[in-house]
Amino acid sequence: MNTSWFGLERSLERATHHRSIGIIGIDLHERPSALTSVNRDDGYGWPEWLDASMGRGDIWYGDEVGGHLWLYAVMPEGIAEEESEPYLRGLARRVREAMIAEAGSGASISSLNDNSSASYLRSRERGIGCARLRDWSTSSAKDIVYEGVQKAMMQMRDSRVDQQDWDLRLELDRLLAESSIRSVYQPIMRLVDGKTFGYEALTRCPEGSLFDGPLALFRYAEKSNRAFSLDRLAREKAIRHCPTLGSLQKIFINVTMGIMNDPHFVSGQTIRLLTERGLFPGQVVFELTERSSIDDFEAAKKILAHYRSQGYEIAIDDAGAGYSSLQSIVELSPDYIKIDRSLVRMADQDEMKKHMLRTFVRFAKKMNIRTVAEGIERPEELRLLRAMGFDYAQGYLIGRPSEYPAAMYPGALPKA
């Protein structure tokens with residue numbers, strides 16, 4: 001490893017012969033494993049490697065610091081300021097490609113499909129930063145190099161963020177194009193007799209997806225303006241693969257108010273899907289989620305009235321988890337309120353939670369709203385909620401989400 005600061009001493013010697021030079025940073029964490037500093041006690045032989053691989057005298061080794069390779073390059077005479085960075089970035093890509101070739105992991109772009117090719121091209125920019133260094137006469141050499149290093153480091157950081165976003169965008173496009181998300185169904189039990197009242201449809205990502213779960217998937221879809229397409233696909237999957245329902249059983253489908261405002265939300269296609277499964281709108285409960293807030297309650301009331309006139313029912317999800325869900329209950333008068341698991345968990349041992357749950361039940365009964373308690377995992381919780389007068393219950397104790405859920409509650413209801 002060069003002992004001078006970012007190879008400054010050696011670069012000053014070369015810089016005296018050129019009007020302008022630039023600095024290039026390459027994140028070595030992105031390099032092929034065949035090129036690793038552990039090959040030599042004093043670091044990888046970058047100067048020799050550059051000479052052998054690049055075969056040019058206008059780019060030279062500066063230093064290897066903190067897992068980053070720093071190079072200096074001569075700027076072509078007369079190059080415009082706005083052309084400096086693209087030129088240096090092009091040199092950096094050539095160095096990266098030489099590394100890949102050295103490691104024997106090169107791939108022909110023409111052999112990749114469109115998405116893979118785009119991802120490959122994007123990956124060539126990952127972990128690369130560069131900067132044109134100011135005239136050495138304007139400031140101390142160390143300050144000039146430090147300024148260049150800072151700019152290059154910022155670009156390297158941003159390139160990794162951009163690459164991740166690009167990979168997620170390609171992944172979302174793939175999931176939509178291949179319709180590869182799936183639905184699982186969690187049973188909702190009627191507490192008066194322990195029978196299955198219906199199921200909540202939950203979206204799942206395919207195995208190996210870049211998204212770590214459905215919440216991350218839907219959030220990214222909203223961020224990238226693909227929420228309508230994803231919700232449409234999720235709704236289609238939920239209906240098409242729904243378990244067989246009795247005439248009085250329901251399917252709960254998660255939606256947002258923004259999606260319900262989409263003119264294509266409940267189109268002829270949705271009715272056709274319901275008909276194919278032998279279902280009708282009265283068996284569908286649109287469960288309003290907290291993925292996006294409701295800004296205009298008057299407009300929301302008109303939208304919900306339109307769907308209710310067709311027979312659909314409305315549920316407010318995660319009640320008790322925040323102010324917005326409570327306001328939604330007051331303003332929208334849903335058919336169901338689903339009490340958040342945070343209030344249900346260990347409620348049998350918490351007097352404050354008991355009081356809040358009783359308040360929800362009393363309010364709901366006065367307003368003719370049915371109550372669903374979520375996240376039940378213990379018999380003690382189930383026993384408490386039944387005694388309080390909750391209408392329905394949902395949670396791992398009753399049944400885990402599955403593509404083929406059990407039709408009935410597997411165990412006997414605990415005595416109240």
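User: In which sense do β1 and strand β3 pair, parallel or antiparallel?
Analyst: Strands of a sheet pair through backbone hydrogen bonds, in either a parallel or an antiparallel way. Here β1 and β3 (residues 68-74) take the antiparallel sense, over seven bridges. Keep in mind that this is a predicted model. For one concrete pair, start at Gly22: its bridge partner in β3 is Ala73.

User: Which strand pairs with β1 over five bridges?
Analyst: That is strand β4 (residues 128-132), and the sense is antiparallel. Look for Gly25, which stands opposite Gly129 in β4.

User: What is the order of strands in the open sheet?
Analyst: Read it across: β2-β3-β1-β4, four strands with antiparallel pairing. β2 (59-65) and β4 stand at the edges; each has a single partner strand, so one side of each lacks a neighbour in the sheet. Neighbouring strands of this sheet are turned by 20 degrees against each other on average, with direction ignored.

User: Over how many bridges do β2 and β3 pair?
Analyst: Over six, in the antiparallel sense. Ile59 stands opposite Ala73 in β3. Helix α2 (residues 46-54) lies across β2 and β3. It runs at about 150 degrees to β2.

User: Are the residues of strand β1 mostly buried or exposed?
Analyst: Check each face of the strand in turn. Strand β1 covers residues 21-27, and seven of its seven residues are buried. On one side are Ile21, Ile23, Gly25 and Asp27. On the other are Gly22, Ile24 and Ile26. Both faces are covered.

User: Which strands close into a barrel?
Analyst: Eight strands do, in the order β5-β6-β7-β8-β9-β10-β11-β12. The pairing in this barrel is mixed. Take one pair as an example. Strand β10 (residues 336-339) and strand β11 (residues 370-373) pair in the parallel sense over four bridges. Within β11, Ala373 is the residue that Ile339 stands opposite.

User: Which helix lies across β9, β10 and β11?
Analyst: Helix α13, residues 351-366. Its direction is at about 175 degrees to that of β10.

User: What volume does the largest pocket have?
Analyst: Rolling a probe the size of a water molecule over the atoms shows where empty space is left. The largest pocket holds about 840 Å³ of space.

User: How many residues line the largest pocket, and which lie nearest its centre?
Analyst: The lining has 33 residues. Nearest the centre lie Glu200, Leu202, Pro214, Asn254 and Asp317. By class, 11 of the lining residues are nonpolar, eight polar and 14 charged.

User: Which elements each supply at least two residues of that lining?
Analyst: Find these elements: β5 (182-190), β6 (196-204), α6 (214-223), α7 (227-240), β7 (250-255) and β9 (313-319). The largest share comes from β6, with five residues.

User: Where is Thr203, and why does it count as buried?
Analyst: Thr203 is in strand β6. The cut-off for buried is under 20% relative accessible area. Thr203 counts as buried because its relative accessibility is 12%.

User: Which residues is Thr203 in contact with, leaving aside its neighbours within four places in sequence?
Analyst: Ile181, Arg182, Pro214, Phe218 and Ala234. Pro214 has come up before, among the residues nearest the centre of the largest pocket.

Conventions. Residues are numbered from 1 along each chain as its sequence is written. This is a predicted model: local features need pLDDT of at least 70, side-chain atom pairs count only at pLDDT 80 or more; totals for chains, interfaces and linings use all residues. Side-chain values use heavy atoms; hydrogens and water are left out. On a 1 Å grid over the protein atoms alone, a cavity is a set of points where a 1.4 Å probe fits but cannot get out, and a pocket is an open set with protein on both sides within 12 Å along at least five of seven lines; lining residues have an atom within 4 Å of a point. Grid points are joined across faces, edges and corners, and a volume is the space filled by probe spheres set on the points. Ala, Val, Leu, Ile, Met, Phe, Trp, Tyr, Cys and Pro count as nonpolar, Asp, Glu, Lys and Arg as charged, and the others, Gly among them, as polar. Buried means under 20% relative accessible area, exposed over 50%, partly exposed in between (1.4 Å probe, protein chains only). Contact means heavy atoms within 4.5 Å. Two strands pair if DSSP finds at least two bridges between them. Axes are lines fitted to C-alpha atoms, for helices over the stretch in contact, and angles run from 0 to 180 degrees between N-to-C directions.
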